[in-house]
Amino acid sequence: MRGADREAALVALLDSVTVVANTTEGLESAARAMMSAVCELTGWPLSHLCVPDGSGGGFVSSGVWVGAEEEFPVLREVTSRARFRPGVGIVGRVAVTGEPVWSLDVTRDPLFVRAQEGFDLGVGAAFAFPVMVAGKVAAVLEFFSHEVTPPDAPLMRVMANLGHQLGRVVERQQAQRAMEAGRRRLEQMIETSVEAFVAMDASGRIAGWNAAAERMFRLSREQALGRPLADTIVPPRHRAAHRQGLDRFLFTGEPKVLNQRFEITAWRSDGSEFPIELAIWPVQDDGEWVFNAFLHDITDRRNAEEALRVAYEREQSTVARLQELDQAKNDFIDTVSHELRTPLTTIVGYLEVLTSGDAGPLPAHQDRMLRTMTRNTMRLQDLVEDLLTISSVGGSRPVMSPIRVPARDLVDRAVQAIAEIAQTRGHTVHVHVDTDVGSVNVDVGHIVRALRALLSNAIKFSEPHTPVTVRASVTGGVISIIVTDVGIGITAEELPRIFDRFYRTRMAADRAVQGAGLGLSIAKSIVEAHGGTLTATSTLGQGSAFTITLPAEAAGG
Ligand code: ADP
């Protein structure tokens with residue numbers, strides 16, 4: 001062949017192999033096509049494909065031979081057994097350098113190791129070049145001739161180029177495999193997803209339907225695929241809108257319900273409907289739109305929401321009813337207490353006159369009876385006052401008339417109020433008010449009432465002649481008033497309950513100590529209405545301490 005013709009033939013070879021490389025799937029078929037084209041053009045009778053041995057750097061025969069195989073039985077036999085380590089033999093050399101290698105006479109070339117074993121291979125010249133993939137040697141192609149032939153530089157250049165073209169085939173194949181693996185993984189994920197997956201093509205037909213969709217719509221994939229989606233899962237009244245939406249999107253390309261989550265009603269062919277949450281995302285597959293959607297049945301969520309709403313409404317109406325009842329009870333207590341107050345005041349007035357001696361001396365037994373009547377009437381009056389306080393401070397808006405008053409005055413007034421009973425039972429009341437305890441802004445009547453309740457409890461629940469202490473101090477803007485006794489005390493189990501209305505400890509009941517169980521609950525309400533606290537500590541048999549705290553700047557509500 002003349003030089004110019006050969007040059008043209010080589011370019012044509014390059015072109016044809018490029019076409020093969022772009023259209024052929026798989027290295028082997030592309031390599032075969034190329035090997036036979038090269039053999040035909042060059043007149044070299046045999047070619048062979050070597051591939052990595054799969055264990056780090058070595059190459060072995062792929063078993064792919066193209067050309068006059070029958071003319072080289074020994075070469076094929078030796079090659080099939082050979083393993084070309086990196087750098088060893090022309091294959092190993094190509095593998096290491098990534099460059100073509102030409103051996104003009106293999107019988108004299110120490111590099112051509114297969115000829116060193118003493119066999120007559122029937123080979124004169126050989127050349128090999130790499131198939132390059134991502135910069136690495138992925139395969140080596142060998143060509144053999146009977147004759148000794150000097151290196152042909154243009155041919156080697158073209159071959160090196162061909163090696164790169166073949167490499168592209170491999171790269172494409174790898175990319176294809178990776179893509180297919182990814183697609184399979186995705187399909188598997190969709191198939192096993194607990195969410196129903198439904199896909200629709202641009203003609204509105206079902207193109208995807210996973211196992212969860214089968215369960216949700218009680219329709220097998222075979223039955224579902226290809227059916228119009230609207231007629232399969234959309235309630236009849238929404239079908240027209242669904243079709244319009246699809247047409248509008250296909251016409252304008254503007255999504256209205258796509259790429260976002262929304263709630264909608266789904267439909268089964270038995271006519272049943274259920275709420276679902278839906279996310280649709282459109283993709284273009286070969287220029288055709290496909291609409292993918294995950295569907296989540298939210299029946300349970302809706303039911304739970306509804307149950308919650310009903311429970312909340314019921315609760316609201318119960319609360320309203322309880323408030324009404326509470327108000328009615330307060331109104332009742334208020335009315336009755338007011339009605340009791342007036343006649344009681346009159347009785348007390350007359351009893352005072354009778355016991356004062358103004359109405360003339362009384363026989364001793366009558367005097368005793370009158371004093372007992374006076375004591376009990378006073379108790380009754382106290383109870384009425386307690387009840388009136390409950391309906392005022394226990395109400396939603398306790399009526400308070402705060403004024404600024406020295407804390408010492410509050411303590412003195414309360415101690416004064418229980419002085420008589422303390423004296424009768426032989427108690428000494430010790431009062432310690434620190435000098436820095438200033439004034440507070442409180443409803444005096446209410447706070448004195450609270451302190452009085454604590455003091456009278458301290459007396460009631462102690463043995464006669466034991467001491468009762470009131471101590472007032474101030475720290476960090478908070479005034480504390482502590483009433484301490486060394487009386488019967490309260491058990492740890494009962495302590496948290498003593499502020500409940502009408503609660504009395506077992507010991508109080510057993511000893512028949514007078515009282516209705518209202519004092520502490522009223523005292524607590526009063527103190528809290530002033531922004532303060534009332535707490536207690538106690539040891540059974542040793543005594544109790546009740547602490548009122550009030551903000552030094554307390555401004556009663
Ligand atoms: P009352 O004193 O009218 O029973 P309170 O509400 O004032 O009602 O007190 C509730 C209960 O708490 C009392 O019945 C009593 O059992 C217990 N209690 C209150 N103060 C003391 C105290 N200082 N020592 C022992 N028990 C007390």
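**Close-up 1. Five strands make an open sheet in this predicted model.** Reading across the sheet, the strands come in the order β8-β7-β11-β10-β9, and they pair in the antiparallel sense. The edges belong to β8 (206–209) and β9 (261–267); each has a single partner strand, so one side of each has no neighbour in the sheet. On average, neighbouring strands here are turned by 35 degrees against each other, direction ignored. As background, strands of a sheet pair through backbone hydrogen bonds, in either a parallel or an antiparallel way.

**Close-up 2. Zooming in on the β7 and β8 hairpin.** Strand β7 covers residues 196–201 and pairs with β8 over three bridges, in the antiparallel sense. Want to trace the pairing yourself? Start at Val-198, which stands opposite Trp-209 in β8. Then look at Met-200, whose bridge partner in β8 is Ile-206. Four residues sit between the two strands, and in that turn you'll find Gly-204, with a positive phi of about 85 degrees.

**Close-up 3. Helix α10 lies across part of the sheet.** This helix takes in residues 299–356, and the strands it lies across are β9, β10 (273–285) and β11 (288–297). Compared with β10, helix α10 runs at about 135 degrees.

**Close-up 4. Helix α4 and what covers it.** Which residues of α4 (residues 89–97) are buried? They are Gly-89, Ile-90, Val-91, Gly-92, Val-94 and Ala-95. The cover over these buried residues includes the strands β1 (46–52), β2 (59–67), β3 (83–84), β4 (101–103), β5 (126–133) and β6 (136–144). After α4 comes Gly-98, which has a positive phi, near 75 degrees.

**Close-up 5. Ser-521 in helix α16.** The helix spans residues 519–529. Is Ser-521 buried or exposed? Its relative accessible area is 7%, and buried means under 20%, so Ser-521 counts as buried. Leaving aside residues up to four places away in sequence, Ser-521 touches Phe-499, Asp-500 and Arg-501.

**Close-up 6. The ligand and the residues around it.** There are 20 residues around the ligand, and those that come nearest are Asn-457, Asp-485, Arg-504, Thr-505 and Leu-520. In the side chain of Thr-505, an N or O atom is 2.5 Å from an oxygen atom of the ligand. Ala-516 joins in with its backbone: an N or O atom there lies 3.1 Å from a ligand oxygen atom. For Ser-544, a polar side-chain atom lies 3.5 Å from a nitrogen atom of the ligand. Taken alone, the ligand exposes 530 Å², and the protein buries 97% of that.

Conventions:
Residues numbered from 1 in each chain as written. Predicted model: local features only at pLDDT ≥ 70, side-chain atom pairs only at ≥ 80, totals over all residues. Heavy atoms only, no water. Pairing = 2+ DSSP bridges. Axes fitted to C-alpha atoms, helices over the stretch in contact; angles between N-to-C directions. Contact = heavy atoms within 4.5 Å. Buried < 20%, exposed > 50% of the residue type's maximum accessible area, 1.4 Å probe, protein only. Near = heavy atom within 4 Å. Polar contact = N/O pair within 3.5 Å; in protein donor to acceptor, adjacent residues only side chain to side chain. Areas by Shrake-Rupley, 256 points an atom, 1.4 Å probe, with all protein chains shown as cover.
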